[in-house]
Structures are given as structure tokens and as C-alpha cells.
Amino acid sequence: MGARQEITTRSSIRTDHTAIAARFACDVRGQALIETALFSMVLVLMLAMAANFAYVAYIAAGITSASRQASVYAAQGQQATAGNALPAVSAACSIAANEVNGWIGLSSTNWSAYAASAAISGSSWANSSSCAGNSYSNAPAFNADPESAYFTINAVKVSAALNPPIAFKLFGKLSLTLPTTIYGRSVYMRQLN
Amino acid sequence: MACCDKTRSLHNGKTSLHSHSSWKALHRCESGQTLTVWLTAIMVMSSVLMGSAYDMSVAWVHKQWADTAAEAACTAGGMDLLYAANHSTRSTPISAYNFIPSSGYTASGDCSTSSSSSMCYYAKLNGYASGGLISNAASNDVSWSLSQSPPANTNSSTLTYTSNNVAPYISVAVTENVPVTFMGIFAHLLGMPNAWNTIQVAGHCNCGLEGTATTGSPQTIAINAGIIDRFGDFEPIAAVTCWSNSSCSVASSPLTGPNNPVPPNSVVTVTASGTARGQGGESISGSVDMEVSCNGGSTWNSVDTVHVNVLGSSPLIGNATCTVSNTNQIELRVTANLTLGSAGPIFPTGNSFSVQINGASITIPGGSTTSLHVTSFQND
């Protein structure tokens, strides 16, 4: 009898544990909330990533435009007061600055522009100008014009430090979104002396 | 609810539930599946849509890069055209990079097969090495063409060729296959080329020479005016003495061109002046024809026909227009049809008269000159 009672007791305990497990597993109360919460976290994170990347693309297009406009001005622009005189490197740099300040809307500490030009038959940049001071500012890589005895080459490099507008951090430390990214673009254009 | 009702009935009935049976019950539980499937579907759709948005953002940035490279390449080629126009040549400064045809106005090339032009060099500097397009793989191609016609709907000048017959317009196309993930599915369904793993973006630039016409001042150059010889006598350019009342003519030796060479094929005005007189002071009547040849005497153009009917010396002056060829050799010819009158009071009858041209000049008209510069007409 004693042994049988013990077996019955063990069986009932096991039955109770299983029943409890079955109860929790099959009880759908709150399940939708938990699942939606879990999925929502992932969805919101994805949306944040999409928004951040859209911002990066926006800035990248703007920086490309700024360096391009500045290079075109350097290659084709003419100083109004001096007839055919070509603009100085600093003028091209200012064009890039106007583009960045006026269109992208980056704060002045988060971007830089660097304009440079080579002399006829030069083997390095002869003139250069940086029009925004921060640690990202550096000259574009030098490349000589293939017919450097007759043409000069202009280059404008615009760089920016991109901070994602939406930042999530796990436990305050691990970033779940884009880190700060430095993006730069150099544009080279030819100029006839 | 059915699942939970079944569970409750198991408990309420105090039925001894075997563990195997309870797990089977768990597996039979289907509540919440609809929500899970629904959320999973939303997740997948969101991923696809956001992935496509990511792809399109990447493609848009690459499009900006392609546009920039096209403009840089086009400007570089335009600078070569400007150099050729300004230096009256049909070649780039260094022949190894020449892309201007020696005749005609059209030419085209692809940087994947010939990369020596400045357009290919600058496209490469700006990120497009033009290895040629590869289906469904990241790749790019740069091509160019020369034309006499500016892009449509542009307020370009009507320049169709430069003064040295160089085509003034150049077009550069940069095409890139950009790798994508999700957008490739849609792009393929939309019929875009090479669109399973890539979508194609392109940048175009039309640029070329634009001119500003200005009218210059006429330039007059004296040619071999009469000189004072070593005896102190005046030596005219051309002179003839006739000993009877008849016609006679003489042509000057070919006059060398002016110190400043006359541009070939320019239309110049030649002005000559001279005198006709009776050697004995007789009156003369008749006419003197002055003629000019701008190409060494092969074709004579009438400078003027001067009728003289005055006593003594008679001023002759006239001008004519002719086209100077490359020889720059100008000749003058005078033909006189004169009749001597009675002898003058100083000299007895002399029976002779002379005609001489003392000087001539050419005038180069101040035609319109064109100041060229490179302009981007269209960039998209």
C-alpha cells in the first residue's frame, strides 16, 4: 500500500507539472501582446535603420553634388571682374561650402571641403585651400592630367562625419544602429589654361 | 479557446493525464498561429520593401556619381576641342590622346575598348574605369561621341563647326550595373535590363563649345608702296610709258605679301593709287584700268576704271575686292587707253604718256571672330 501510494503521489506530481506546463503553453492570454512586442522591436529597429540609411544616402548625394559643383566652377567659371581669368582654388572651396551649408544642412563642425589644383606639368598640387576646419579635412589624392603640359587638373573633396539621426543602444552601450560614418567624395575636372 | 477548454476539462475532470498525452495536447494547440503568421508576413514584406528602399537609395547615389563622372569626362573632352579650335589644329595637344577625326565631324568611342582619350581618363579618375558592362554583375562602361548638333531644346549657339572644322559638341554616357538585392526582383519584373542582381543606372552629359561673336576693326596694310631709289627718284610699283596714242599695259612683279600674313581665304579689299600724264605736259583723255590679282596673276579683278581727261598728271585711285589664297601674292596691272592732247606750254610735243601706280594697300575687313568656351548643355 505504501509503495502504491508513493507511486500515485509521484504520478500526480508529474501530472501536475505537465498540466502546469500545458496550461502555460496553451494559454494564449497575452500571447498576442508578447509576439507583437517582440516583432515590433525588430520592426522599429528596421525602420530606424531605413531612416538612418536614407539620411546617409541624402548626405552622400549632397556631398557628391557639392564637390561636383565646386569642380565645375573651378574648371569653367570665370571671374566677372577679370574676364577670362579662372577662379582661384579658394573660390571653388567656397562654392562647396555654400552647397553644403545651404542644402545639406550639416553643422559646420561635421564637414570639410578641400579644393586643389595643379600647375602646368606639375607633379603635385600647386594650390590648395581648405574651407572648413575639422579633422576630416584632407586634400584629394593628386592625379596629373594626361596632357599636363597644356591642361591643369582641379579636384575638390568634400567629407562629412555622419551621425545617424536615430540611435539605439542596448544597455546604453551596444549600438544597434549605424555608427558615426565618415563619407568623402573627390571630383576631378580639367581646366584649359 | 477550444484548446483552453480542452485543457480545463482535463484538469477539472481530474483525469490522470499521461505526459505523452499532454505534450500531444500541446502540439494540438493552434491558438495564436494566425497572429504569428500574420506578423511573419508583415516582417517579410517590410524587409522586402525596406530592402528595396535601401537598394534604390544606393542606386540613386550611384546615379549621382555617374552623372558627375559623365560631366567631368565631357568637360575634359570639351577642353580638348577648345584647344584644337584655338590652335587651328584637328588634334589634341598630345597625339597619343587624340580623338578628333582628321576629316569629318563625327566620331565615337567606348572606353572599354580604347581608353586613351581624356574622357576615359577623367571618367576613371571619378570612379568609372569602364571595364565594360557585365550582365548581372557590378560593372560599368563609358562611351562618347562627337557631333555637329547641339542637344535638342537647348539655347545653344548655332555653331556647327569651328573655324578649323572641328565638331563642337561631345556627348558622354556612363552606364553602371549597380548590385542590388530586393530591388532586382521588382526591376526584373518591370523589364529593366540585367535586373536579377543588378539594376542599371546611367549618367549622361552633353557639352561642347559655345561662341560669342564679336566684330573686329578693319585692318589696313600697305604693300610695297613706291620707294625712293638711291638716286633720289621715286620708283612706283608699276609704270608704263607708251609712245603713241594707243593702248598699253604693264603688270607689276608679284608683290610679296604684307609683313603680317593675310589669313587664307580671307576677303580683302585692295586699294591702289597712281597717276597718268603726258610726258610733255600734254593733256590726255581716255581711261586707265587698274586690276588686281590676289593669287599671283592667274585671275585679274578690276580695281577700277578711271577716266582721265585732265591736263597734266591725273590722280588715279580705285579699289576692288578679291579673295586671298595661301600664296599671299598680290599683283597689280594697269592698262591704259589714252589719247594725247596738244602740247603744253612748257614742253614741245612729246608723243608719249606714262601711267604709274605709286602705292597700294589691302584692307582686311573686321569680320566677326568667335570667342569659344566649354559649356555643359545637358546633364542627366
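**Stop 1: chain B.** Start by selecting chain B of this predicted model. Colour it by secondary structure and look for five helices and 16 strands. Now colour by burial: of the 380 residues in chain B, 36% are buried. Contacts here often link distant parts of the sequence. Among contacts in chain B with a separation of 6 or more, 74% are between residues 24 or more positions apart.

**Stop 2: chain A.** Next, select chain A, which has three helices and six strands. In what order do the elements of chain A run from the N terminus on? Trace the chain and you will meet α-α-α-β-β-β-β-β-β. Chain A has 193 residues, and 34% of them count as buried. For contacts with a separation of 6 or more in chain A, residues 24 or more positions apart account for 65%.

**Stop 3: the sheet in chain A.** Stay with chain A and find its open sheet of four strands, arranged in the order 2-1-3-6 with antiparallel pairing. Which strands are at the edges? They are strand 2 (125-130) and strand 6 (181-192) of chain A, each pairing on one side only. On average, neighbouring strands of this sheet are turned by 15° against each other, ignoring direction. As a reminder, the strands of a sheet pair through backbone hydrogen bonds, in either a parallel or an antiparallel way.

Zoom in on strand 3 (residues 151-162) of chain A and its antiparallel partner, strand 6 of chain A: 12 bridges join them. For one spot to click on, try Ala161(A), which stands opposite Ile182(A) in strand 6 of chain A.

Now add helix 2 (residues 31-76) of chain A to the view. Helix 2 packs on the sheet and touches strand 1 (111-118), strand 3 and strand 6 of chain A. The direction of helix 2 makes about 20° with that of strand 6 of chain A.

**Stop 4: the nonpolar cores.** In soluble globular proteins, nonpolar side chains tend to be buried together. Show both chains again and select Ala96(A), Ala115(A), Ala73(B) and Ala123(B): of the 82 residues in the largest nonpolar core, these touch the most other members. Helix 3 (residues 33-86) of chain B gives this core its largest share, 17 residues.

What does Ala115(A) touch, leaving aside residues up to four places away in sequence? Its contacts include Ala70(A), Val89(A), Cys93(A), Ala96(A), Ser128(A) and Val156(A).

Finish at a second, separate core of 19 residues, where you can select Cys294(B), Leu332(B), Leu338(B) and Ile357(B) among its members.

Key:
Residues numbered from 1 in each chain as written. Chains lettered and ligands numbered in written order. Predicted model: local features only at pLDDT ≥ 70, side-chain atom pairs only at ≥ 80, totals over all residues. Pairing = 2+ DSSP bridges. Helix = DSSP H or I, 4+ residues; strand = E, 2+ residues; numbered from the N terminus. Axes fitted to C-alpha atoms, helices over the stretch in contact; angles between N-to-C directions. Contact = placed C-beta atoms within 7 Å. Buried ≥ 20, exposed ≤ 12 C-beta atoms within 10 Å, placed from the backbone. Core = buried A, V, L, I, M, F, W, Y, C linked by C-beta atoms within 7 Å.
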